[in-house]
Amino acid sequence: MNLTPFEPDDRAADSAGLPGPGDSPIVVVDDDASVLAYLSRVLEDEGYPVETFDSATEALERLTEGGQVALLLTDIFMPDINGIELVRRALEEDPNLAVIVLTGRGDTETAVESLRLGVEDYLNKPISNEDLVESVGRALRHRAQSDYRRQQEARLRAEVQKRTEELERRSKELEMVSVSTLLALVKAMEAKDPYLRGHSQRVALIAVKLARALGFEEEDVDDVRDAGLLHDIGMIAVPESVMHKQGQLTEEEYVLVREHVETGVGILEPIPHIARAVSYIRYHHERVDGSGYPQGLRGSDIPLAAQIIGIAEHFASITEHRPHRPAFSSQEALDTLKDKRDVWFDARVIDRLEHIVRNDPESLEAL
């Protein structure tokens, strides 16, 4: 028989889990001294370690405070605590304990209750040596198999957990390598133009401030940060002659610049863990009135996070020095953007930016 790693072989437990001398004992409980002596003698002759009790109360103390027990063999009708109650309390203490009930006054009600509690066997007195030994052996084998299964399942759970953690660790390492590699590309691109150095980092910081001001969850803020850092990665495919041109772009050159969005998306799409950030990058040049690109989306069809990246880029660009003009102040930049309220950009994003400019302008100036 072929077993998968998740199917423990019970045959391995049959000979491994049975108690021998010095191992976990069998606890025998009966208020009849002659029965107690008989049961003890038969089991000890088979090599089992046995502890006997003529009091269910003392037996319960042993079961709850005296360490591991392999099997409980108990009478039902005893003067202090009846056997059913002893079994119930013993199983509460150790749900894996094997139990056999032995009684001289059997009745259907106690038999049903015993089986409901999960006892291995319900035997009537008098019982032969052979039947007693067979019942005890069967109960101990069943317990050994159950213990073996639990051990195997625990081992497998630990192995699955270990492998899961290893995969998660490797995944995070790959994410870090992927993003760090992409950021290196962005920095390489920005290094070609002294006026662009730090631009992507600045866009990301402004976008994060806006996302938090708009109540984004931190997980979503992380996606906005990634989109801000990587939004212009497609510009790496735009010729330097076009990037550095100081005059007005020709139509052909403008087409090349517009294509940087889809170029960037093409670079980033194979990286699954930044999928949402990539969607924000794809739409960050869309405008509320439909005048944007690459798809000419309008209004609420544009993700709010993409709007945040779009306005963060616009704000960052006009507050940075360029060869053909000085940098705008934060207030001057805000004034130009307010004219685009619900024309280019969602009014909610403009309002949050205005709040930041009015109440914390230094944080924007310092970026």
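**Exercise 1.** Is the crossing of H8 and H12 left-handed or right-handed? Characterise the packing of this helix pair in the predicted model.

*Solution.*
Step 1. Two packed helices are described by the angle between their axes and the distance between the axes.
Step 2. For helix H8 (residues 218-230) and helix H12 (residues 275-282), the axes come within 8 Å and cross at roughly 50°.
Step 3. With this angle, H8 is therefore oblique to H12.
Step 4. The crossing of H8 and H12 is right-handed, which settles the opening question.
Step 5. On the H8 side, the contact involves Glu219, Asp220, Asp223, Asp226, Ala227 and Leu230; on the H12 side, Arg276, Ala277, Tyr280 and Ile281 take part.
Step 6. Sorted by class, the contact of H8 with H12 holds five nonpolar and five charged residues, with no polar ones.

**Exercise 2.** Determine the crossing geometry of H13 and H15 and the residue classes at their contact.

*Solution.*
Step 1. The axes of helix H13 (residues 304-318) and helix H15 (residues 347-359) cross at roughly 45° and come within 10 Å.
Step 2. Angles from 65 to 115 degrees would count as roughly perpendicular and those under 35 as roughly parallel; H13 is therefore oblique to H15.
Step 3. The handedness of the H13 and H15 crossing is right-handed.
Step 4. H13 contributes Leu304, Gln307, Ile308, Ile311 and Phe315 to the contact, while H15 contributes Arg348, Val349, Ile350, Leu353 and Val357.
Step 5. The residues of the contact of H13 with H15 comprise eight nonpolar, one polar and one charged.

Conventions. Residues are numbered from 1 along each chain as its sequence is written. This is a predicted model: local features need pLDDT of at least 70, side-chain atom pairs count only at pLDDT 80 or more; totals for chains, interfaces and linings use all residues. Side-chain values use heavy atoms; hydrogens and water are left out. Axes are lines fitted to C-alpha atoms, for helices over the stretch in contact, and angles run from 0 to 180 degrees between N-to-C directions. Helices (H or I, at least four residues) and strands (E, at least two) are DSSP runs, numbered from the N terminus. Angles under 35 degrees count as roughly parallel, over 145 as roughly antiparallel, 65 to 115 as roughly perpendicular and the rest as oblique. A crossing is left-handed if the near helix is turned anticlockwise from the far one by less than a right angle, and right-handed if clockwise. Contact means heavy atoms within 4.5 Å. Ala, Val, Leu, Ile, Met, Phe, Trp, Tyr, Cys and Pro count as nonpolar, Asp, Glu, Lys and Arg as charged, and the others, Gly among them, as polar.
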